[in-house]
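Trainee: I am new to this structure and would like a close look at a single part of it. Please take me through one contact between domains, piece by piece.

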Amino acid sequence: MYLTSEEERIYDGEYGWARQASMKILVRLGDLFGATQLEPIESAHISGVSYKTMGDASLDFLNALASEGGKTQVISTLNPAGFDPEYLANRFPEEYREKQLRIIDLYETMGIQPTLTCTPYYLRKPQLSGHLAWAESSAVVYANSILGSWTNREGSPSSLAAALVGKVPNYGMHQAENRQPSLLIKVEANLANKTEFGALGIYAGKLLKDRIPIFGGLSNYVNDDLKQLAAGLASSGMTSMFYYSVPCEKGGLETVSVETKDIKDTVEGLSTASEVPDLIFIGCPHCSLNELQSIAETVEGGKVKRGIELWVCTPRHLKQKAANYVNIIEKAGGHVLCDTCAIVTWIKNLGVNTMMTNSAKAAYYAPTLNEVSVTLAPLSKCVEAACH
């Protein structure tokens with residue numbers, strides 16, 4: 001892989017160990033995947049923030065980078081942490097709280113914004129065709145597919161390395177020839193809600209592996225629906241993008257049909273619980289302003305049942321914008337949480353054994369990552385289960 005003279009100096013350690021270590025990670029990746037050079041990036045979004053998923057070894061690596069003067073070269077943001085600072089922080093052991101706050105502090109020391117959200121595009125929309133180094137898989141698929149950005153599915157170390165260098169190897173989604181569709185998925189089901197868009201993503205992701213599809217037949221959708229589709233695809237498969245607004249007649253592509261039964265079976269397959277839920281969780285990926293409005297309108301006048309918790313997760317800046325909707329949700333007994341997500345916090349420690357959610361992504365991950373049983377259902381049914 002070709003390096004400029006400045007990049008070689010970074011590689012040789014002239015700019016310090018932190019940037020040298022980062023450059024070596026990027027060069028190794030570039031060599032593995034056949035990159036020809038490094039591409040400047042507009043922004044980086046870094047996963048590996050929750051202490052629950054990181055552990056102590058990653059904390060030591062962060063400490064080393066920050067201690068050696070590692071500083072971001074581009075706008076850089078963070079994925080959700082293990083708890084929000086208000087409602088959940090005091091419900092976990094002191095050690096968890098201290099180490100989680102230490103992780104966030106180390107990232108901040110390196111110049112990374114503590115956004116703590118899986119939807120960084122709500123905070124700042126990247127430029128069309130801008131190169132990114134994003135590590136949150138649902139955001140990667142959304143960025144490539146809906147925003148027209150160019151990013152691979154980075155891991156936590158590579159996204160952080162890219163942030164400290166300001167560049168990524170130009171393989172994969174950074175090359176136009178790798179962004180071409182190879183499969184047409186004809187959606188013959190009439191998708192009724194965001195849950196079913198997410199289920200389509202789960203179903204198609206298993207089918208696709210890393211291939212790029214065109215979805216034909218989608219109608220009456222909004223970006224929040226496409227967000228759930230992107231999250232589902234990212235959960236069950238390895239594809240980094242999809243197309244949805246090109247003619248179905250595009251020739252030469254293998255074609256697969258998805259019927260109503262496929263969506264129904266996927267929803268049922270993701271529903272492993274038969275008991276009344278302990279937790280109703282909405283906001284995976286984090287809720288948009290429109291979603292907060294919809295949730296508030298659905299819960300208004302109701303009251304969360306005793307013995308059930310209702311969590312709605314959203315980015316902090318949107319919670320501030322949506323104060324009226326937040327008040328309605330919290331007046332009903334729900335909790336609008338920022339900075340975290342039920343999947344990356346210790347819900348089992350809180351006595352949660354059964355979770356209900358409208359997110360196919362959350363339903364896909366919760367049984368393994370949280371060891372809880374799940375019911376996947378549309379927002380209306382989630383609120384019906386939560387409130388009386």
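Mentor: What follows describes the contact between domain 2 and domain 3, with a short look at another part at the end.

The model is a predicted one, so treat each value below as computed from that prediction. The domain assignment divides the protein into domain 1 (5-176), domain 2 (180-268) and domain 3 (271-386). Between the centres of domain 2 and domain 3, taken over C-alpha atoms, there are 24 Å. Domain 2 brings 16 residues to the contact, and domain 3 brings 18 residues.

Start with the area. About 1,200 Å² is buried between domain 2 and domain 3, and carbon and sulfur atoms account for 52% of it. On the side of domain 2, the residues that lose the most area to domain 3 are Thr-195, Lys-227 and Ser-235. Together these three make up 37% of what that side buries.

Lys-227 also appears among the polar links. One salt bridge is counted between domain 2 and domain 3. Lys-227 forms a salt bridge with Glu-291, and their closest N and O atoms are 2.6 Å apart. Eight residue pairs are in polar contact between domain 2 and domain 3, counting pairs with both residues at pLDDT 80 or more.

Next, the elements on the side of domain 2 that touches domain 3. Helix 7 (194-208), helix 8 (223-236) and helix 9 (260-270) each give two or more residues to that side. Helix 8 gives the most, with seven residues. By type, the residues of this side of domain 2 divide into five nonpolar, six polar and five charged.

For a second setting, turn to helix 6 and a loop residue. Helix 6 (residues 156-165) is mostly covered, with eight of its ten residues buried. Among the buried ones are Ala-163 and Leu-164. After helix 6 comes Gly-166, which has a positive phi, near 90°.

Thr-72 sits in the loop between helix 3 (51-67) and strand 3 (75-78). Thr-72 counts as buried because its relative accessibility is 18%, and the cut-off for buried is under 20%. Leaving aside neighbours within four places in sequence, Thr-72 is in contact with Ala-163 and Leu-164, and also with Met-110, Gly-111 and Ile-112. With Gly-111 there is a polar approach as well: a polar atom of the Thr-72 side chain lies 3.4 Å from the backbone oxygen of Gly-111.

Technical notes
Residues numbered from 1 in each chain as written. Predicted model: local features only at pLDDT ≥ 70, side-chain atom pairs only at ≥ 80, totals over all residues. Heavy atoms only, no water. Domains from an automatic or database assignment. Contact = heavy atoms within 4.5 Å. Buried area = accessible area lost by both parts, 1.4 Å probe. Salt bridge = Lys/Arg side-chain N within 4 Å of Asp/Glu carboxyl O. Polar contact = N/O pair within 3.5 Å; in protein donor to acceptor, adjacent residues only side chain to side chain. Helix = DSSP H or I, 4+ residues; strand = E, 2+ residues; numbered from the N terminus. Nonpolar A, V, L, I, M, F, W, Y, C, P; charged D, E, K, R; others polar. Buried < 20%, exposed > 50% of the residue type's maximum accessible area, 1.4 Å probe, protein only.
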